[in-house]
There are 2 protein chains.
Amino acid sequence: MDDIDRALVLRLQQDAGQSYAALGTAVGLSAGATHERVRKLRERGVIRRTTVDVDPAAVGSGVLAYVMVDSNAWMGESGDDFAAIPEIQEAHIIAGSASVLVKVRTASTEQLQDVLRRLYAIDGVSGTHATVVLETFFERPLPL
Amino acid sequence: MDDIDRALVLRLQQDAGQSYAALGTAVGLSAGATHERVRKLRERGVIRRTTVDVDPAAVGSGVLAYVMVDSNAWMGESGDDFAAIPEIQEAHIIAGSASVLVKVRTASTEQLQDVLRRLYAIDGVSGTHATVVLETFFERPLPL
DNA sequence: CATCAGACCGAACATAGTTCGGCAAAACTT
DNA sequence: AAGTTTTGCCGAACTATGTTCGGTCTGATG
């Protein structure tokens, strides 16, 4: 994981569709060597997969909210329960007063309410505190 | 934006590296027609870009925290101020007691503290409340 | 000093991306 | 309802890229 690897990851985050030749030129390598570097980055798990970035509003997920989930039990094994709710995009165990923080995307606030209802149905969940996002400044890749 | 488009976006989210031929077979189209569909999805902005999913811990961002930022002024024009802090991965204006919610990734809690210091330096910021993530259950693409 | 392992280059070969003419179905027009 | 236009698709040609491989160099190891 040297400077060249970091440069490769950075450029792939910006555009994973470019050719190995272009990528190689940018970092000072041949296409073949670049290919080999990227292959190893995938093998090591640094690069998990290549994906596309989708406009949420265009696919019926125009409402974004973060929900603090309070509980009266240990939630460490409840990952699957949260994963079963498709509108939940992220779920984290957190330090602090609540015990789980989830990121939810829905088409409407009515559907958001329905997600909250399903959250309450999870074992150990004693309360929720939803924060609705009014405007997103930006969402961007990791710094390098 | 019909069922085929949704199927294409779904499959591209899972693996943007597969061939148009494979993608076409999966949805019942030829490679050429698939190519044209995906081109239009990009043109319309439904697909914003193709990127790679990187393991944060592998690139020196093992600490994740969400920070509620309180303010005593209108923050609607301060997007650039938040964008100037590279460790901030997302920044949103929110409804509720705080006015901005940011997602921060750093290598250490010391660096997290330094980010908080830089947040305080932004015009109008009157306080912060950081929530450190202990474990991430999952982070996944949008539902379709 | 000799040997070994790792990384790179450049060229060959295989595969996929991209374009295009022709066709058919659907959507307007009159 | 018939004509006309538009849209979307197929399949094949053409172009570009991915992928592999032998040979070379460099730095590390013993």
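Analyst: Domain bounds, as used here, come from an automatic or database domain assignment, and on that basis chain A is divided into domain 1 (3–43) and domain 2 (56–132). This is a predicted model, in which local features need pLDDT of at least 70 and side-chain atom pairs count only at pLDDT 80 or more, while totals for chains, interfaces and linings use all residues. Residues are numbered from 1 along each chain as its sequence is written, chains are lettered from A and ligands numbered from 1 in the order in which they are written, and side-chain values use heavy atoms, with hydrogens and water left out.

User: How far apart do the C-alpha centres of domain 1 and domain 2 of chain A lie?

Analyst: The two C-alpha centres are 37 Å apart.

User: Why are strands β2 and β5 of chain A said to pair?

Analyst: Two strands pair if DSSP finds at least two bridges between them; β2 (residues 63–71) and β5 (residues 125–139) of chain A share 7 bridges in the antiparallel sense, so they qualify. Within this pairing, A:Val69 has A:Thr128 in β5(A) as its bridge partner.

User: Which strand of chain B pairs with β5(A)?

Analyst: It is β3 (residues 88–94) of chain B, antiparallel to β5(A) over 5 bridges, and in it B:Ala91 stands opposite A:Phe138. Strands are DSSP runs of E of at least two residues, and helices are runs of H or I of at least four, both numbered from the N terminus.

User: What makes A:Gln18 and B:Arg37 count among the residues around DNA strand D?

Analyst: A residue is near a strand if one of its heavy atoms lies within 4 Å of it, and both residues are listed around DNA strand D, as are A:Ser19, A:Gly32, B:Gly28 and B:Lys40, among others. Of the atoms of DNA strand D that come within 4 Å of the protein, sugar and phosphate account for 88%.

User: How do you know that A:His35 makes a polar contact with DNA strand D?

Analyst: A polar contact is a pair of N or O atoms within 3.5 Å; a polar side-chain atom of A:His35 lies 2.9 Å from a phosphate oxygen of the strand, and therefore the pair meets the cut-off. Backbone atoms also approach phosphate oxygens of DNA strand D, with a polar one of A:Tyr20 at 2.8 Å and an N or O atom of B:Ser30 at 2.5 Å. The elements giving two or more residues to this surface are α3 (31–43) of chain A and α3 (31–43) of chain B, and the largest share, 3 residues, comes from α3(B).

Definitions and conventions:
A polar contact is a pair of N or O atoms within 3.5 Å; within protein, one must be able to donate a hydrogen and the other to accept it, and residues adjacent in sequence count only if both atoms are side-chain atoms.
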